[in-house]
Amino acid sequence: RHSLKFLNTQKRVSLQLFLDACREAAQKYLDHLWDNGYSYQVGNKQVEFSIQQNLLNCPKMIDYKVISFDTPLSARALSSVATQVCGIVSAATKQQAKRLFMLEALKRKGQDTYNLENKILNTKLVKPTLPADFSVELSSKCADIKRTKGHFGYFLRLSSLGKSFGRLKIPIKKTKIDIKLESGILLGSFLISKDYIDLRYQKDVSRKPIGNQIGVDQGISTLLTLSDGQSTDNILNSHGHTSKTIFAKLARQKRGSKANKRTQKHLKNHIGFCINRLDLSNVSKINLEDMTEVSRGKSRSKYTSYFNPGVINERLIQRAESLGVQVEFVQCTYRSQRCSKCGWVQKSNR
C-alpha cells in the first residue's frame, strides 16, 4: 500500500472525479445484477444467474454493455468496474452458495437435509452497500507501472479512463516491502482509492523442510504464547509499554478521539514489534488458534473490545511467510475438552 500524498492538487481533483464516476457506474451494475440476474454463454450452454433462484453460477465478469447509461468513463474503465462488481456480488452470496452446493451433494447421497434446508430458508441475502470512498480495481487495460531510478521508485500511468479525465501519472515512492518483493512479479492489477494505491506481488516462498511444529495461543494479557515456552509477556517497546498497559490506556480514552487513534496505532506497532522478536529459526509449522467467531454476538467491556485477533494473525502470517514457515488455523471449539487420543468431548476433560 502506497500513499498518494505526492499528488498535486490538479491530479488529486481528476482522480476524485474519476473515482466518483466509477462508484456511480458500480452502483448501476450492482443494482442490475442483484435485481435482474445475468445470462451468459459457456461453450454451447446458456448459464443463468439469479439471486432468487441460482447462486451457484455467479459470473466472474459481465459485459459492460449489459445496461446503458450516461457516464464519462471509457469502455475499458467500465469493463474493469463491471468485473469488480461481480466479485462484490460473489462475496455477498458466497456462504449461501456453499450451503446450496452442500444441499445438492447431500441429496445425491440420500442423507438428511432438514437442518440445512431450514438454514437456507431462514437466511436472507443482504445487498452490498458501496462505501462513499469507493476503491476501484483497474487492470492493465487502463493502468501500467514503470520503475524509475529517481526520487520515486515507480510511476503509475492511468490512461483510457475517459476523455474528461485525461491521463494521470501518479508518483509512488518505493518502500522497504517493495525492495523485499522486487525478486517477485509485480502484477498488473491495481486497487486505487483517494488516498492509497495497492500494488500486488506474486512471489514463490520456499517452505522449511525441517523444523519443529508449535502451537500459538492468543490473549489480551499476553498477546502470544508459544508451545516452545516463548511469549510476548515481558517484551517492552521503546515507550516502556506492554500490551496490558496499552489496552488499559485505550480503555481510559474517548473512542474516536485523536489520542485514541494514536494509541490504536501504537498498539498495532507494538504487536509487530513483539512478533518480530519471536525466535522462529527452528520452526517449520505454526498451528494458530482460529478466533474469528469467539466474540461474535457477545458483549465485551471497553478494555477487551480493542483486542483484535485479526491484526495479530496478519502480522504473524507476514513474519512466517518471510521465513518460509507454514501457518495453519486450528478450530478452538471444544479443544480443551477433547481427548487428545480418542477425540471424545466431555466437559470434565478440561
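**Exercise 1. Classify the burial of Phe6, and then describe the aromatic cluster that contains Phe6.**

Step 1. In this predicted model, Phe6 has a relative accessible area of 31%; because partly exposed covers the values between 20% and 50%, Phe6 is partly exposed.

Step 2. The aromatic pairs come next, and a search of the whole structure finds five of them. For the rings of Phe6 and Phe152, the centres are 5.1 Å apart and the planes stand at 70°; since an angle over 60 degrees counts as edge-to-face, this pair is edge-to-face.

Step 3. To place the pair along the chain, note that Phe6 is in the loop between β1 (2-3) and α1 (9-36), while Phe152 is in the loop between β5 (143-147) and β6 (154-158). The two residues are 146 residues apart, and the pair therefore links distant parts of the chain.

Step 4. Phe152 also pairs with Phe155, again edge-to-face, with 5.8 Å from centre to centre and 75° between the planes. Phe155 has a relative accessibility of 22% and counts as partly exposed.

Step 5. Taken together, Phe6, Phe152 and Phe155 form one aromatic cluster.

**Exercise 2. Identify which lysines lie over the rings of Phe155 and Tyr154, and give the distances.**

Step 1. Over the face of Phe155, which belongs to the cluster of the previous exercise, lies Lys169, at 5.0 Å from the ring centre.

Step 2. Over the ring of Tyr154 sits the charged end of Lys174, 6.0 Å from the centre of that ring.

**Exercise 3. Describe the largest pocket by its volume, its lining and the elements that supply the lining.**

Step 1. The largest pocket holds about 1,700 Å³ of space and is lined by 31 residues.

Step 2. Of these lining residues, Arg1, Ile177, Glu314, Arg315 and Gln318 lie nearest the centre of the pocket.

Step 3. At least two lining residues come from each of α4 (176-181), β10 (196-198), β11 (201-202), α6 (258-276) and α7 (309-323), and α6 gives the most, with eight residues.

Step 4. Sorted by class, the lining has 14 charged, nine polar and eight nonpolar residues.

**Exercise 4. Decide whether Ser74 and Asn115 are buried or exposed, and set each in its surroundings.**

Step 1. Ser74 is found in the loop between β3 (45-49) and α2 (75-109). Its relative accessible area is 17%, and because buried means under 20%, Ser74 is buried.

Step 2. Leaving aside residues up to four places away in sequence, Ser74 touches Ser160, Leu161 and Gly162.

Step 3. Asn115 lies in helix α3 (residues 114-122), and at 60% relative accessibility Asn115 counts as exposed, since the exposed class begins over 50%.

Step 4. Asn115 and Ser189 are 74 residues apart along the chain, and their C-alpha atoms are separated by 42 Å.

**Exercise 5. Summarise the protein as a whole by its secondary structure, extent, burial and contacts.**

Step 1. The protein has seven helices and 15 strands, and its C-alpha trace spans about 65 × 65 × 45 Å along the principal axes.

Step 2. Of the 350 residues in the protein, 37% are buried, and Ser74 is one of the buried residues.

Step 3. Among contacts in the protein with a separation of 6 or more, 63% are accounted for by residues 24 or more positions apart.

Notes. Residues are numbered from 1 along each chain as its sequence is written. This is a predicted model: local features need pLDDT of at least 70, side-chain atom pairs count only at pLDDT 80 or more; totals for chains, interfaces and linings use all residues. Side-chain values use heavy atoms; hydrogens and water are left out. Helices (H or I, at least four residues) and strands (E, at least two) are DSSP runs, numbered from the N terminus. Buried means under 20% relative accessible area, exposed over 50%, partly exposed in between (1.4 Å probe, protein chains only). On a 1 Å grid over the protein atoms alone, a cavity is a set of points where a 1.4 Å probe fits but cannot get out, and a pocket is an open set with protein on both sides within 12 Å along at least five of seven lines; lining residues have an atom within 4 Å of a point. Grid points are joined across faces, edges and corners, and a volume is the space filled by probe spheres set on the points. Ala, Val, Leu, Ile, Met, Phe, Trp, Tyr, Cys and Pro count as nonpolar, Asp, Glu, Lys and Arg as charged, and the others, Gly among them, as polar. Rings of Phe, Tyr and Trp (its six-membered ring) pair if their centres lie within 6.5 Å; planes under 30 degrees apart count as stacked, over 60 as edge-to-face and the rest as tilted. A charge sits over a ring if NZ of Lys or CZ of Arg is within 6 Å of the ring centre and within 35 degrees of the ring normal. Contact means heavy atoms within 4.5 Å.
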